[in-house]
Amino acid sequence: MSILCCPVCGLPLVREETAWRCARRHSFDIAREGYVHLLPANQKHSKAPGDDKGMAAARNRFLTRDYYLPLREALEGLALEYTGDSVTLLDSGCGEGYYTAGVYHTLCQAGKAVDATGVDISKFSLRWAAKREKGIDFAVASAYRLPVASGSVDLLLNCFSPLAIEEFRRVLKPGGAFLYVVPGPEHLWELKQILYDRPYRNEEQRIPYEGFCYDRVMRVENRIHLPDQEAIHDLFQMTPYYWKTPREGTERLAQCGALDVQISFDIHAFRRTIL
């Protein structure tokens, strides 16, 4: 049974052949690619919020080449450790579904019964996600108003996406696990050296959140080789630097034919406090 709820009235949604519907007959069509749009117009801050078409395509190309495979494998291992035989998985800010699909397949291959859902505010990202994995329910929605039943989630993923801690606290079951991925201090250091005259290292933080207890922080690091300008530009386009880099830095990066770069991630693992 899906954890998705109607964004209009809050009742559970049931998937039918061409749409999701609730008991009050609110209906939400399933897009050709397989995702559903559950973001009401009054929750949209622009016509097409989130990653645009170009950013979504760049992220899909880059991640499909497995440059961030070490992070995905670490999440897969933690997912196995933090879940039982039956798992309700939610990826908030799932993007094009690379991590969602990886964790889902790993749990299924381990013989677990998995009900997986991914939400993102970008319809362009979810077009890729829904094509990547048909066994996962994907929905356009805001992390700050998740169309998800309260206390329904065993494992929540959040990779480089908005930290909607109140909503995460609401949807997680007591004892459920929350895996929160942020950039490590040296993440993309060589890229930043090209883009900025004074690059900075990412700040390390370990913040306690009400309703959660810390279990651990796992650091995942590697060096990757980007062999061509397409891979370099795809990485650049999927980062926040794409929007705030001075023109001179962008021009320097465009001159690079290849690039070796450090990747570094911190996975903060929490448990939802048992009330």
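**Entry 1: the three-stranded sheet**

I began at Trp 20 and looked up its bridge partner in strand E3, which is Phe 28. I keep in mind throughout that this is a predicted model. Strand E2, residues 19–21, pairs with E3 in the antiparallel sense, and I noted three bridges between them. The two strands belong to an open sheet of three, in the order E1-E2-E3, with antiparallel pairing. Its edge strands are E1 (14–15) and E3 (27–29), each of which pairs on one side only.

In the loop between E2 and E3 I found Arg 25, whose phi is near 70 degrees, a positive value in a residue other than glycine. I recorded this because most residues other than glycine have a negative phi. With a relative accessible area of 56%, Arg 25 counts as exposed.

**Entry 2: the eight-stranded sheet**

I then traced the other open sheet, in which eight strands follow the order E4-E7-E6-E5-E8-E9-E11-E10 and the pairing is mixed. The edges are formed by strand E4 (36–37) and by E10, each paired on one side only. For one pairing in detail I chose strand E6 (residues 113–120) and strand E7 (residues 137–140), which run in the parallel sense and share four bridges. Within this pairing, Val 119 has Ala 139 of E7 as its bridge partner.

Helix H4, residues 123–132, lies across E6 and E7, and I noted that it runs at about 170 degrees to E7.

**Entry 3: helix H1 against helix H4**

Which residues make the contact between H1 and H4? I first checked the geometry: the axes of H1 (residues 53–64) and H4 come within 7 Å and cross at roughly 35 degrees. From H1 the contact is made by Lys 53, Ala 56, Ala 57, Asn 60 and Thr 64, and from H4 by Phe 124, Ser 125, Trp 128 and Arg 132. Sorting the residues of this contact by type, I have four nonpolar, three polar and two charged.

The spacing of several of these positions fits the general rule that an α-helix has 3.6 residues a turn, so residues three or four places apart point the same way.

**Entry 4: helix H2 and the loop before it**

In the loop between H1 and H2 I stopped at Asp 66, a second residue to note for its backbone, since its phi is near 65 degrees, a positive value in a residue other than glycine. Asp 66 is partly exposed, with a relative accessible area of 33%.

Helix H2 covers residues 69–82, and its 14 residues reach 20 Å from first C-alpha to last, close to the 20 Å expected at 1.5 Å a residue. I listed its buried residues as Leu 71, Arg 72, Ala 74, Leu 75, Glu 76, Leu 78, Ala 79 and Tyr 82, a list in which Arg 72 and Glu 76 appear alongside several leucines. What do these buried residues pack against? I found helix H3 (98–109) and the strands E8 (153–159), E9 (172–183), E10 (212–226) and E11 (259–272).

**Entry 5: aromatic pairs**

I counted 15 aromatic pairs in the structure. Tyr 98 and Tyr 99 have ring centres 5.1 Å apart and planes at 80 degrees, so I entered the pair as edge-to-face; both residues are buried. Phe 178 and Phe 270 have ring centres 5.5 Å apart, and because their planes stand at 20 degrees the pair is stacked. The latter pair links distant parts of the chain, with Phe 178 in strand E9 and Phe 270 in strand E11, 92 residues apart.

Are these two phenylalanines buried or exposed? Phe 178 counts as buried at 0% relative accessibility, and Phe 270 counts as buried at 0% as well. Ring pairs also join both of them into a cluster with Phe 168, Tyr 180, Tyr 209, Phe 212 and Tyr 214.

**Entry 6: Gly 176**

My last stop was Gly 176, which lies in strand E9 and is buried, with a relative accessible area of 5%. Leaving aside its neighbours within four places in sequence, I found Gly 176 in contact with Asp 154, Phe 270, Arg 271 and Arg 272. I also noted that Gly 176 and Leu 155, 21 residues apart in sequence, are 5.9 Å apart in space from C-alpha to C-alpha.

Conventions
Residues numbered from 1 in each chain as written. Predicted model: local features only at pLDDT ≥ 70, side-chain atom pairs only at ≥ 80, totals over all residues. Heavy atoms only, no water. Expected span 1.5 Å × (residues − 1). Buried < 20%, exposed > 50% of the residue type's maximum accessible area, 1.4 Å probe, protein only. Contact = heavy atoms within 4.5 Å. Pairing = 2+ DSSP bridges. Axes fitted to C-alpha atoms, helices over the stretch in contact; angles between N-to-C directions. Nonpolar A, V, L, I, M, F, W, Y, C, P; charged D, E, K, R; others polar. Phe/Tyr/Trp six-rings, centres within 6.5 Å; stacked < 30°, edge-to-face > 60°.
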